[in-house]
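Colleague: I am new to this structure. Please start with the overall build, then take a close look at a single part of the chain and connect it to the rest.

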Amino acid sequence: MQETLNYINENKQRFVDELFELLRIPSISADPAYKDDVLKCADVVAAHLKNAGADNVEVCQTKGYPIVFGEKILDKSLPTVLVYGHYDVQPADPLELWTKPPFEPYIEKTELHPEGAIFARGSADDKGQFFMHLKAFEAMMKTNALPCNVKFILEGEEEVGSVSLGDWVNENKEKLACDCILISDTHIYSNEQPTVTTGLRGLSYVEVEVEGPNRDLHSGLYGGAVPNPIHVLSRMIANLIDENGHITIDGFYDNVETVSDAERAEMNKLKDNPEEFKKSIGLSNIEGEKGYTTLERTSIRPTLDCNGIWGGYTGEGAKTVIPSKAFAKISMRLVPYQTPQEITEKFTKYFEKIAPDTVKVKVTPHHGGMPYVLPTNTKEFAAAKQAMESAFGKEVLPYRGGGSIPITAMFEQVLGAKSVLMGFGLDSDAIHSPNEHYGLFNFYKGIESIPLFFENYSK
């Protein structure tokens with residue numbers, strides 16, 4: 001393994017240069033105008049995978065953007081690790097908030113990244129992170145150190161909900177047969193306190209509509225005598241959470257996992273710093289569900305948030321109307337053992353129940369995903385923890401993330417394998433936002449940790 005680590009150290013600059021090539025491709029899956037760029041990116045990823053030493057490299061067609069597949073089977077009696085990542089990226093808007101163009105990568109030092117960070121759309125989510133796996137695989141191949149079989153699936157639709165992945169995985173179960181899945185699309189708690197993500201929340205996402213009068217009305221002629229849908233909707237949303245941060249939907253907490261005191265104590269070893277948390281997001285105070293720490297509120301507890309609200313006139317100048325309709329988008333993060341189907345149904349019934357009889361309401365479900373947990377007593381967690389402790393030289397703690405990666409539950413259901421969420425980004429990397437970046441320190445630590453994971457897992 002030392003020879004592998006030496007190879008990585010000798011080729012660091014080339015790895016970054018090759019990543020820059022990938023980051024220059026605007027592979028935005030959400031915008032059809034970038035279709036050719038997404039397809040080009042798939043071909044470039046396939047070429048990198050083949051050059052790293054993978055066999056049977058394919059750009060597999062789907063109903064949407066292609067999935068890049070490759071493998072190295074040393075011996076069918078050895079364990080097999082399936083590596084997942086995605087080569088598509090979020091739109092870069094608003095462009096005016098970027099310091100430099102989003103698809104012209106550059107390195108700049110920051111307070112959190114004194115060794116420098118790579119600034120570009122996709123640097124942390126997920127090109128920089130999945131590219132670590134390609135370079136770690138290359139290093140193991142070049143030094144004859146690959147200890148087990150490996151397969152890769154790199155998709156181009158993660159940022160639009162992985163709409164083709166489920167069908168493709170179901171159709172290719174034998175091709176994808178594996179013992180565990182390795183994913184780097186999450187973050188660590190900090191560079192000083194590395195972590196392995198052991199849980200993710202699920203998701204229920206809905207759009208709501210409140211309809212009042214049959215047309216927009218003059219606010220002078222009708223104001224004071226008719227219901228204003230914006231006012232009604234605002235009151236309804238406000239009533240979804242009480243003064244203790246508790247969600248008021250009937251039966252919302254029926255199936256919420258009870259996390260043991262011992263596990264809560266282990267989680268809070270991460271030394272939640274309320275003052276630093278407030279400072280990082282520009283707040284003078286914070287709020288949340290009573291009886292839980294910030295770490296617990298953002299990981300093991302379910303949430304409800306209004307993500308957007310609109311109605312009436314929002315253009316330049318004034319237009320005095322009472323709108324006919326008002327709308328909002330609402331997301332609910334779920335924990336084991338809640339399901340998106342259950343929560344969406346309960347939300348719909350409750351929203352209809354609290355609506356006054358002066359308006360009509362409509363709830364439209366969008367997308368959802370199941371929660372996911374990797375128990376800390378598994379060989380998968382142990383292999384990841386030991387690998388990162390060797391690379392970082394520090395104790396690695398378990399960490400439950402607040403976001404959602406619905407494919408983890410799908411992988412477990414279809415392939416019967418647990419996913420190891422061994423990400424290396426920081427939550428301050430501005431993913432999905434202007435000036436996204438990924439620390440060079442984190443990029444290199446990832447490449448060093450991955451071969452160690454393979455070695456530990458194989459043993």
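Modeller: The protein has a radius of gyration of 24 Å, which agrees with the value near 23 Å that a compact globule of 459 residues would have. That radius is taken over C-alpha atoms, and the globule rule is 2.2 Å times the number of residues to the power 0.38. This is a predicted model, in which local features need pLDDT of at least 70 and side-chain atom pairs count only at pLDDT 80 or more, while totals for chains, interfaces and linings use all residues. Residues are numbered from 1 along each chain as its sequence is written, and side-chain values use heavy atoms, with hydrogens and water left out.

Along the principal axes, the C-alpha atoms fill a box of roughly 80 × 50 × 45 Å. The chain forms 14 helices and 18 strands; these are DSSP runs numbered from the N terminus, with helices (H or I) of at least four residues and strands (E) of at least two. Of the 459 residues, 53% count as buried, where buried means under 20% relative accessible area, exposed over 50% and partly exposed in between, with a 1.4 Å probe and protein chains only. Among contacts with a separation of 6 or more, 79% join residues 24 or more positions apart; a contact means heavy atoms within 4.5 Å.

The part to look at closely is the loop between strand 17 (418–421) and strand 18 (437–439), where glycine 423 is found. Glycine 423 has a relative accessible area of 1% and is therefore buried. Beyond its neighbours within four places in sequence, glycine 423 is in contact with Gln129, Ile183, Ser184, Asp185, Thr186, His187, Ile188 and Met388. From glycine 423 to asparagine 442 the C-alpha distance is 9.3 Å, with their positions 19 residues apart in sequence.

The loop between strand 17 and strand 18 also holds histidine 432. Histidine 432 is not a glycine, yet has a positive phi of about 70°. Its relative accessibility is 40%, so histidine 432 counts as partly exposed. Asparagine 435 is placed in the loop between strand 17 and strand 18 as well, and has a positive phi of about 60° although it is not a glycine. At 18% relative accessibility, asparagine 435 counts as buried.

Aromatic rings come next. Phe392, Phe424 and Phe441 are linked into a cluster by ring pairs. The structure holds 13 aromatic pairs; rings of Phe, Tyr and Trp (its six-membered ring) pair if their centres lie within 6.5 Å, and planes under 30 degrees apart count as stacked, over 60 as edge-to-face and the rest as tilted. One stacked pair is tryptophan 310 with phenylalanine 327, at 5.4 Å centre to centre and 15° between the planes. Tryptophan 310 belongs to strand 11 (residues 303–311) and phenylalanine 327 to strand 13 (residues 325–334), so the pair links distant parts of the chain, 17 residues apart. Tryptophan 310 is partly exposed, with a relative accessible area of 36%, whereas phenylalanine 327 is buried at 18%. Phenylalanine 443 and tyrosine 444 form a tilted pair, 5.7 Å centre to centre with 50° between the planes, and both residues are buried.
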